[in-house]
Amino acid sequence: MDEGRRALERLYEEFVRFEGAMEELRFLKMVAQDLKSFRKMLRFRKYD
């Protein structure tokens, strides 16, 4: 029984770590999208 509980705790820890990684990836994706938009805006302003 103790082994089963330890396995569940480890699974929970891995899931928490996975959620953190997914949150970081979402943030990085948003930053990349913002940088692309900013580059497009700079191109448009260059010709204004």
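**Figure 1. A close-up of Arg43 and the positive patch around this residue.** Arg43 is partly exposed, because its relative accessibility comes to 47%. In this predicted model, the residue sits in helix α1. Arg43 belongs to a surface patch of positive charge, and its companions there are Lys36, Arg39 and Lys40.

**Figure 2. The whole chain, for orientation.** Before we zoom in again, here is the setting for the other views. The protein has one helix and zero strands. Helix α1 covers residues 2-46, and the chain counts 48 residues, of which 0% are buried. About 5,400 Å² of the protein is exposed, with 60% of that area supplied by carbon and sulfur atoms. Three salt bridges are found in the model, and the next three views take them in turn.

**Figure 3. Asp2 and Arg6 joined by a salt bridge.** This view shows the side chains of Asp2 and Arg6, which meet at an N to O distance of 3.0 Å. How far apart are Arg6 and Asp2 in helix α1? They are four residues apart, so about one helical turn separates them.

**Figure 4. Arg5 and Glu9 joined by a salt bridge.** Here the closest N and O atoms of Arg5 and Glu9 lie 3.5 Å apart. About one helical turn separates Glu9 from Arg5, because they are four residues apart in helix α1. Are the two partners buried or exposed? Glu9 is partly exposed, because its relative accessible area is 41%. Arg5 has a relative accessible area of 57%, so this residue counts as exposed; the cut-off for that class is over 50%.

**Figure 5. Glu14 and Arg17 joined by a salt bridge.** In this pair, the closest N and O atoms are 3.3 Å apart. Glu14 and Arg17 are three residues apart within helix α1, which is about one turn of the helix. Glu14 is partly exposed, because its relative accessibility is 37%. For Arg17 the relative accessible area is 54%, so that residue is exposed.

**Figure 6. A nonpolar patch on the surface, seen from Leu25 onwards.** Which residues form the nonpolar patch on the surface? Leu25, Phe27, Leu28, Val31 and Leu35 do, and together they have about 470 Å² of accessible area. Leu25 is placed in helix α1. With a relative accessibility of 48%, Leu25 counts as partly exposed, because the partly exposed class runs between 20% and 50%.

Terms used
Residues are numbered from 1 along each chain as its sequence is written. This is a predicted model: local features need pLDDT of at least 70, side-chain atom pairs count only at pLDDT 80 or more; totals for chains, interfaces and linings use all residues. Side-chain values use heavy atoms; hydrogens and water are left out. Patches are made of residues with over 30% relative accessible area and no salt bridge: like charges are joined within 9 Å, nonpolar side chains (Val, Leu, Ile, Met, Phe, Trp, Tyr) within 5 Å. Accessible areas come from the Shrake-Rupley method with a 1.4 Å probe; for residues, only the protein chains shown count as cover. A salt bridge is a side-chain nitrogen of Lys or Arg within 4 Å of a carboxyl oxygen of Asp or Glu. Helices (H or I, at least four residues) and strands (E, at least two) are DSSP runs, numbered from the N terminus. Buried means under 20% relative accessible area, exposed over 50%, partly exposed in between (1.4 Å probe, protein chains only). Lys and Arg count as positive and Asp and Glu as negative; His and the chain ends are not counted. The place of a charge is taken as NZ of Lys, CZ of Arg, CG of Asp or CD of Glu.
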